[in-house]
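The report below works through one protein model, from its overall make-up to its sheet, its core and a few individual residues. Please keep the sequence and the coordinates at hand while reading.

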Amino acid sequence: MSPFQLVYGKSCHLPVELEHRALWAIKFLNFEPSKANNKRLLQLNEFRLAAYENVRIYKEKTKKWHDKKIQPKDFESGQQVLLYNSRLRLFPGKLKSRWSGPFVVKKVFPYGTVEVSPLNTERPFKVNGCRLKTCHGGEIHRDTITVPLLSLET
């Protein structure tokens with residue numbers, strides 16, 4: 001497709017000597033479609049490799065940030081912990097906590113496995129250490145306050 005046809009949308013009819021000169025000028029400028037295609041493919045490959053490099057850098061930075069935010073959990077036997085109940089999906093209320101406990105740590109195994117048992121029984125079971133958090137103990141006394149509602153009667 002000629003540049004004239006790209007611009008004006010119709011083909012240009014030139015005399016024979018001008019067509020020969022135009023063909024000679026195109027060859028002189030080294031306008032070969034196969035070479036142009038190869039050059040464009042090389043450019044696209046460079047863009048793709050640069051994008052892969054940017055993604056790698058982004059992933060490294062995100063991993064470094066994530067690893068910095070992780071807090072190590074070191075449990076000792078006799079320590080009180082709370083257990084996250086991830087299997088319970090349906091709750092009667094939205095605001096009910098998924099943390100249950102307190103439990104007592106009986107034994108800590110390598111690779112994050114912890115053996116815990118409830119306070120009032122001696123039947124231990126093993127859980128993943130990621131599902132535990134330390135219990136700072138003590139009962140929580142919540143003061144109840146009654147707020148009288150205003151009536152709309154006048």
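Accessible areas come from the Shrake-Rupley method with a 1.4 Å probe. On that basis the accessible surface of the protein, which is a predicted model, comes to about 14,700 Å², and 59% of this surface belongs to carbon and sulfur atoms. Of the 154 residues of the protein, 9% count as buried. Among contacts with a separation of 6 or more, 40% are accounted for by residues 24 or more positions apart.

**Elements and sheet**

The secondary structure consists of three helices and five strands, and from the N terminus on the elements run α-α-α-β-β-β-β-β. An open sheet of five strands has the order β4-β3-β2-β1-β5, with antiparallel pairing. The edges are taken by β4 and β5 (132–134), each of which has a single partner strand, so one side of each is left without a neighbour in the sheet. From one strand to the next, the twist averages 50°.

The pairings within this sheet are set out below, each with a pair of residues that stand opposite each other or are bridge partners.

| Strand pair | Bridges | Residue pair |
|---|---|---|
| β1 and β2 | four, antiparallel | Gln80 and Val104 |
| β2 and β3 | five, antiparallel | Val108 and Val114 |
| β3 and β4 | four, antiparallel | Val114 and Val127 |
| β1 and β5 | three, antiparallel | Leu83 and Leu132 |

Val114 thus appears twice, since it stands opposite Val108 and also has Val127 in β4 as its bridge partner.

Two of the connections are hairpins. Strands β2 and β3 form a hairpin with four residues between them, while β3 (residues 113–118) and β4 (residues 125–128) are joined by a hairpin through six residues. Tyr111 lies in the loop between β2 and β3, and its phi is near 65°, a positive value in a residue other than glycine. Most residues other than glycine have a negative phi. Tyr111 is also exposed, with a relative accessible area of 84%.

**The nonpolar core**

Which residues make up the largest nonpolar core? The nine residues are Phe75, Val81, Leu83, Phe103, Val105, Val114, Val116, Val127 and Leu132. The elements that give two or more residues to this core are β1 (80–84), β2 (99–108) and β3. In soluble globular proteins, nonpolar side chains tend to be buried together.

Val81 offers a view of this core from one of its members. Leaving aside neighbours within four places in sequence, Val81 is in contact with Phe75, Pro102, Phe103, Val105, Val116, Leu132, Lys133, Thr134 and Cys135. Two of the residue pairs in the table also belong to this part of the account: Leu83 stands opposite Leu132 in β5, and both residues are listed in the core, as are Val114 and its bridge partner Val127.

**Individual residues**

Is Ser117, placed in strand β3, buried or exposed? Ser117 has a relative accessible area of 1%, which means that this residue counts as buried. Not counting residues up to four places away in sequence, Ser117 touches Phe103, Val104, Lys106, Arg123 and Pro124.

Gly129 has its place in the loop between β4 and β5, and this glycine too is buried, with a relative accessible area of 10%. With neighbours within four places in sequence left aside, Gly129 is in contact with Lys73, Phe75, Gly112 and Val114, and two of these contacts, Phe75 and Val114, are members of the core described above. The C-alpha atoms of Gly129 and Val108 are separated by 8.9 Å, although the two residues lie 21 residues apart along the chain.

**Cysteines**

How many disulfides does the count come to? With a disulfide taken as a pair of cysteine sulfur atoms within 2.5 Å, the count comes to zero. Cys130 is exposed, with a relative accessible area of 61%, whereas Cys135, at 22% relative accessibility, counts as partly exposed because buried means under 20% and exposed over 50%. Cys135 is also among the residues in contact with Val81.

Note on methods:
Residues are numbered from 1 along each chain as its sequence is written. This is a predicted model: local features need pLDDT of at least 70, side-chain atom pairs count only at pLDDT 80 or more; totals for chains, interfaces and linings use all residues. Side-chain values use heavy atoms; hydrogens and water are left out. Two strands pair if DSSP finds at least two bridges between them. A nonpolar core is a set of buried Ala, Val, Leu, Ile, Met, Phe, Trp, Tyr and Cys residues joined through side-chain atoms within 4.5 Å. Buried means under 20% relative accessible area, exposed over 50%, partly exposed in between (1.4 Å probe, protein chains only). Contact means heavy atoms within 4.5 Å. Axes are lines fitted to C-alpha atoms, for helices over the stretch in contact, and angles run from 0 to 180 degrees between N-to-C directions.
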